[in-house]
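Biologist: Got a minute to walk me through this model? I'd like to start with how you sort residues by accessibility.

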Amino acid sequence: MANNQEGFNFSTLVTAIHQVDENMAAQAGRAVNVSLTLRNWMIGAYIDKYELNGSDRADYGDKLLSELAKRLTGINVSNCNRRQLYRYLRFYRLYPQIVGTLSAQLKTMLPADLHGIEKVGTPSPQLKIPPEKLVYRLSYSHLELIVDLDDPLKRTFYEIECIRGNWSVRELKRQIGSLYYERSGLSENKEKLAELVQSGTEKSEPKLPVRDPYVFEFLGIKSCEAMRESDLEDQLLNKLQDFLLELGHGFCFEARQKRILIGDTHGFVDLVFYHRILKCHVLVELKVESFSHENLGQLNTYVSWYRKNMMADGDKPPVGILLCTQKDHALVEYALAGMDNHLFVSKYQLELPRKEEIQKFLEEKMREVGE
């Protein structure tokens, strides 16, 4: 386009740059995803090899993955907790054919005499998807959702539909949760159902998926670097952190973008404090948008998780503070998360900054960073 001098104007300049950006972002995203997929597959291959032939494997027995996770975490190998290691092992065993996508250099890194490499992880040769398509069209986050399925035919169904529809990870998760496979089996007109499903699906974007927890950990990016929703939110969180430490006596800062795992879902709490007077955790969520019940529900989930998993002896139940902003106004909500101790609630209302103070602060800072 840019070489056609006669038709090259400002509009075509914008279009050309946009196309280059989209193309390069897509290539970068594919490269990162392929590397991550092969890395996890190779980890599974080594674990499988060790379980079969490791000279000291009897010393670990059922504790192998726990001990391995502990050792790998200690040397900063990302995403290698016990559950993930089991998934990598299952991934390798279900998809041994991925070996065919490895470069000659990567093949030299594999353990010799890989067990079961000739096996096929799909129900029949006719349904088998070429390993190159699996690796280059699906991210590891896609594959992990599929690996969790026990039925081989169901796995193949979602592989095909996901590739055919270019689904995002969220869309694949939604379709599995809505029993698309089962509904397809019950439908007389399967093609019509497929058309209806594919027409309303969320497509995968070509951008580098830095919000994917696996990707940014693989790239060595810290959570707080990758999970910011906007520069505005980041500036507000910086100022809010200092504000609470200065104004709220008793606040002790613990974490920023604290990562927690609830089931199979990762959550990130914007700010986490421990209040030494109230003897409880205080979780702060900032949303650069108007108040919604979804935001309150998300914070309440985090508070409930902290109550169950992080309370120590002598601690009071955690408190959540939700800050929602929208240009010229700020709405502050405190989420008590079932705290029915009225004496504690009264004390908490005295010790924490008043809603009016936080609202005034937030409105001032919104004006500052917006100038």
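Modeller: Sure. Exposed means over 50% relative accessible area, and buried means under 20%. Keep in mind that this is a predicted model.

Biologist: OK, so which exposed residues sit on the face of α8 turned away from its buried side?

Modeller: Arg170 and Gly177 are the exposed residues there.

Biologist: And which residues of α8 are buried?

Modeller: Glu171, Leu172, Gln175 and Ile176, in a helix that runs over residues 169–177. They span an arc of only 135 degrees around the axis, so they lie on the same side of α8.

Biologist: What covers the buried residues of α8?

Modeller: The cover includes α6 (140–147), α7 (152–165), α9 (180–186) and α10 (190–199). By the way, Leu179 follows α8 and has a positive phi, near 60 degrees.

Biologist: Switching topic: at what angle do α1 and α3 pack?

Modeller: About 90 degrees, with the axes 7 Å apart. The two helices are therefore roughly perpendicular to each other.

Biologist: Which residues of α1 and α3 meet there?

Modeller: On the α1 side they include Trp41, Ile43 and Ile47, and on the α3 side they include Leu85, Leu89 and Phe91. By class, that contact has 9 nonpolar, 3 polar and 4 charged residues.

Biologist: And how many residues are in the largest nonpolar core?

Modeller: It has 44 residues, and Trp41, Leu85 and Phe91 are among those with the most contacts inside it. α1 supplies the largest share of this core, 8 residues. Another core, of 21 residues, lies apart from it, with Phe243 and Leu362 among its members.

Methods: Residues numbered from 1 in each chain as written. Predicted model: local features only at pLDDT ≥ 70, side-chain atom pairs only at ≥ 80, totals over all residues. Heavy atoms only, no water. Axes fitted to C-alpha atoms, helices over the stretch in contact; angles between N-to-C directions. Helix = DSSP H or I, 4+ residues; strand = E, 2+ residues; numbered from the N terminus. Parallel < 35°, antiparallel > 145°, perpendicular 65-115°, else oblique. Contact = heavy atoms within 4.5 Å. Nonpolar A, V, L, I, M, F, W, Y, C, P; charged D, E, K, R; others polar. Core = buried A, V, L, I, M, F, W, Y, C linked by side-chain atoms within 4.5 Å. Buried < 20%, exposed > 50% of the residue type's maximum accessible area, 1.4 Å probe, protein only. Arc of directions from axis to C-beta.
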